[in-house]
Amino acid sequence: MLKLEGVDKVYKIAGKTKQILQRVDLDLKEGEIAAVTGKSGCGKTTMLNIIAGLTPPSHGKLYFMGKRIVYFLDLMPSWIRNRKIGFIFQTFKLINEETVASNILLPARIRGHAGKNERMRMDSLLERLGIAEYKNMRAGLLSGGQKQRVAIARALINNPPLILADEPTANLDKATSLEIFHILETLAVDEKKAILIVTHKDYMLQRAERVFDMIDGKLIPIPKDDLIGYFDRMMTPIVRMGEKSGETTPHPGKPVKVAGHSGKKAGHSAEKGEE
Amino acid sequence: MFQRIFLTFKEVFSQRFISIIVFFSIIVAVFCVGAFQIVGNSFNYYIHDKFATSIPPNFIKVTPKPAGGLGLIQLKKDDGSVLSDAFLAKIQGLPGVREIHPYMSVQIPVQALIDLSKLFPLLNIRYRTDLVCVGAPYSMIKNDIQGKEFQKKWLNWKPGQPLPILVPNVLLDAYNQSMADANGLPKITKDLQKMMIGAHAQIFFGQSSFKTIPGFMVETGELVGFTDNVPSLALIIPLGAARFYNGKFRGQDSDKEYIYCFIEVKDHDSVITVSDKVKKWGFVVETEKSLSLEIQNLRNNVNMVIAALQWVILGMSIIAIAFSTVIATLNRTEYYRILRVLGASKAFITFTIIIKYALIGWLGATLGMFLIGNLIDEIAKVAKFSGFELKLITDKGMVAQYILSGTLIPVFSTIPALLKLYFKGLNRD
C-alpha cells in the first residue's frame, strides 16, 4: 500500500544543510500496524509529513497504492491526503470553536461531499467511538481522550485506507491511551486499514506488527522477538540507572518489561514535544 | 462544489471584527477619494466654465479654414477648407484619438414661430424669427437634456416626429440683452427657463424672411433644455436631423460636411501629437490651452493638492487594510494548517482568503460609491460654496475604476501574508 524508496530530506537552516532523513525505505501493507520510535528531532514527524504529502522529499521515491506521488503544485498530495490518508495528532488539531460534527465533517467538505451518506457515517463513527452524545458540543469543551476520539472519527470520515498517527496518546493518561490504541488496532483488523504510528509507549511497540527505530534520520527495523534486548543494548549507562522503575505492558496475561525504554530519563523516552 | 462554497463562505464570515475594520476602511477610502475627485472635477468644470473657451481638457476643436475665392465664387479644395466624413475617418485613424464629435449646420433657410402666450397669457405674443440650426452629437450635450424621456427622443429622432431642440445660453443672453428690450418683449429668467422645458414651437425648414424653398417643411420643435456646451447663436437639434434636412434640400454631400468637430483624445500628449497632425492637413485647431497661463497654473496647483490628498487617504487606508489583513490571515495560520492536513490544497486555501477580501472590498467600494452618489448633494447644500457648484458627474468608467480598486486593495494587501503562509506557514503540520 505504501512504499518509500531511499527517501532523503535535507533542510537548510541558517545557511547550513541538515540531513533529517537518510535513505529511508519502508513497505507498509494493508491491515498492518507499524510503529516508529526514536529520539525527539530524529525525523519521525518529517517522515510522516512526507508520506502525507505535506512536504516533498529531497530525494527518493514514494508510492501509494502502486502510484508514485508527484509533488508538483501540491495537487496530487492534497488529493491523496484528503481521500486516502487519515492523520491523527498528539495535539488533536481540532477547531475548538466548532462543534464535534463540524470538525468530523471537515475532510468530507474539503472533498466536496458532505451529504447524507457522510452524515450517516459520522453518526456510526460517533457511536462506535462512544462520543455520540457530544455530537453538537463545541470541540473545545471536550476532555483530551474525547478530543482524540473526535480526531479519529475525523480521520476516518472519508474512509481512508492508511492512518498516520503522530504520538496519538502522548497527551493522554494511560487508561485513555489504551482505549485509543485499542480503537486503532480494531481498525486495522476489522477494516484492513494500514496504520503507521509514531510512539514512545512500550505497549504500543509491543503490539505493533513491525517496529522501527529512527536514529539520526535512518529507519532501522527492530526484530520483534528481540525488542527488549534491542533497547537494552541502545541504552546509555546513565539511563541504565533508571531501570528499576521499568514498566509493564498494560494488557493482562503477558507482562512485558521494556527496561529503560520509557520514563523521562531514557533516550527513547515519552517526550511530549513535537519534533 | 457546494461544500467548497460553504467552506469559502465560512472563511468570509470568520474574524468578523477585522473584516468590519477592512470593510469600513474601504468605504471611507472610496468615499473620501471619490469626494475629492468630485471636488476636483467640479473645480475644473468651474474654471472652464468661467475662464476658458468651451473646449474641455483632452479635447481638440477642429474647424475648416475659410475657403479661398472671389466674392460669391468659392474654390473648394482638399486643403482643410472642408471637414468631411472622409477627413473624420482619417482623423479617427490617428493614434491617441478616442472619439470624434462633429457638428453640422443646417444649410437652408430656417424660421421659428414661437407662441409665448402660454408663458405670458396676458401678452398674447406670437414671435416669428429667422434662425440658424446646428446639429450636435448626443455625446456632447446629453447632460443638458432635461430627463431621460427627452434624451430618448433626442437619440431616437426620426423624420415626422417632434424635433427636440436645445437653446444655447449665449442665444438666450443675446435675446435678453438686446432683442427683448428692443422689441418690448419679456426677458426669460432662470425660473422661466425651467417652465419652458417641454414647450413647443413651429419650425419652418426651407423658409425664411428672405427665401422660401419649394416643398419647405413645418416641424414641431420641443424644447428639451438649455446648453453651455455649444456657444453658437443657433438652435441646437440632433445631428441626424441636420443631416436629414441638408440631404433633403441641398443634396451633393452636404449631409457629410461639418462646421467643426471636437476630437476627444486619450491624454495630454495625444492633444499635442493629434493637433500637430490635423494642423498639417490645413485645419484650424484650438485646444484648452486657450486658458490663460495663470489660470492654468492655478488649476494645475489645485489639482495637484487634491491628488496629493487623495494619495494620502489612499495610502493611509492601504496601510490600515494591509495590517488588518496580514494580522487576520496570520492569526488563522493554525486553522489553515488543519485544513491543509485534512487535504485542502494550498491553492484552495489561498483562493478562499482572496475571495474573502475581494468580497469585503467589493461590498465596501460599492457602498462607498453609493454614499458618494447620495451624500455629495447633501454636503454641497450644507457647504454652500459661493459661485461654485459640486457636480456629480456620473461616469461609468470612474465607478468601475473605484469599485475595482476597492476590491483589489484588500486582496493585494493580503499578498505578504499569503506568501508567508504559502511558503512557510502551511508547510508544517
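## The open sheet in chain A

Chain A of this predicted model has an open sheet of four strands, and the pairing is antiparallel. Reading across, the order is β2-β1-β4-β5. That puts β2 (16-28) and β5 (67-68) at the edges, each with a pairing on one side only.

Now for the join between β1 and β4. Strand β1 covers residues 2-13 of chain A and strand β4 covers residues 59-64 of chain A; the two run antiparallel, with five bridges between them. If you want a spot to look at, try A:Lys3, which has A:Tyr63 in β4(A) as its bridge partner. As background, strands of a sheet pair through backbone hydrogen bonds, either parallel or antiparallel.

## How far to trust chain A

The mean pLDDT of chain A is 81, and 84% of its residues score at least 70. Where in chain A is confidence lowest, and where is it highest? The low end is helix α9 (residues 237-240), with a mean of 45, while helix α3 (residues 100-111) takes the top spot at 93.

Take some care with residues 236-275 of chain A, where pLDDT stays under 50. The model does give this stretch 79 contacts beyond four places in sequence. Still, where pLDDT is low, the predicted coordinates should not be read in detail.

## Chain B and its helix pair

Chain B has 429 residues, and 31% of them are buried. Its secondary structure comes to 14 helices and 15 strands. Look at contacts in chain B between residues at least 6 apart in sequence, and 80% of them join residues at least 24 apart.

One helix pair to pick out is α2 (residues 16-51) with α10 (residues 293-331), both in chain B. They pack at an angle of about 175°, and their axes are 9 Å apart. An angle over 145 degrees counts as roughly antiparallel, so that is how α2(B) and α10(B) lie relative to each other. The contact of α2(B) with α10(B) is made up of 22 nonpolar residues, eight polar and one charged.

## Where the chains meet

How many residues of each chain are in contact with the other? Chain B puts in 18 residues and chain A 19. On the side of chain B that touches chain A, the elements giving two or more residues are α1 (2-12), α11 (333-341) and α12 (346-383). Helix α11(B) has the largest share of that side, with five residues.

As for chemistry, the side of chain B that touches chain A has ten nonpolar residues, four polar and four charged.

Methods:
Residues are numbered from 1 along each chain as its sequence is written. Chains are lettered from A and ligands numbered from 1 in the order in which they are written. This is a predicted model: local features need pLDDT of at least 70, side-chain atom pairs count only at pLDDT 80 or more; totals for chains, interfaces and linings use all residues. Two strands pair if DSSP finds at least two bridges between them. Two residues are in contact if their C-beta atoms, placed from the backbone, lie within 7 Å. Ala, Val, Leu, Ile, Met, Phe, Trp, Tyr, Cys and Pro count as nonpolar, Asp, Glu, Lys and Arg as charged, and the others, Gly among them, as polar. Axes are lines fitted to C-alpha atoms, for helices over the stretch in contact, and angles run from 0 to 180 degrees between N-to-C directions. Angles under 35 degrees count as roughly parallel, over 145 as roughly antiparallel, 65 to 115 as roughly perpendicular and the rest as oblique. pLDDT is the predictor's confidence in each residue, from 0 to 100. A residue is buried if 20 or more other C-beta atoms lie within 10 Å of its own, exposed if 12 or fewer, and partly exposed in between; C-beta atoms are placed from the backbone.
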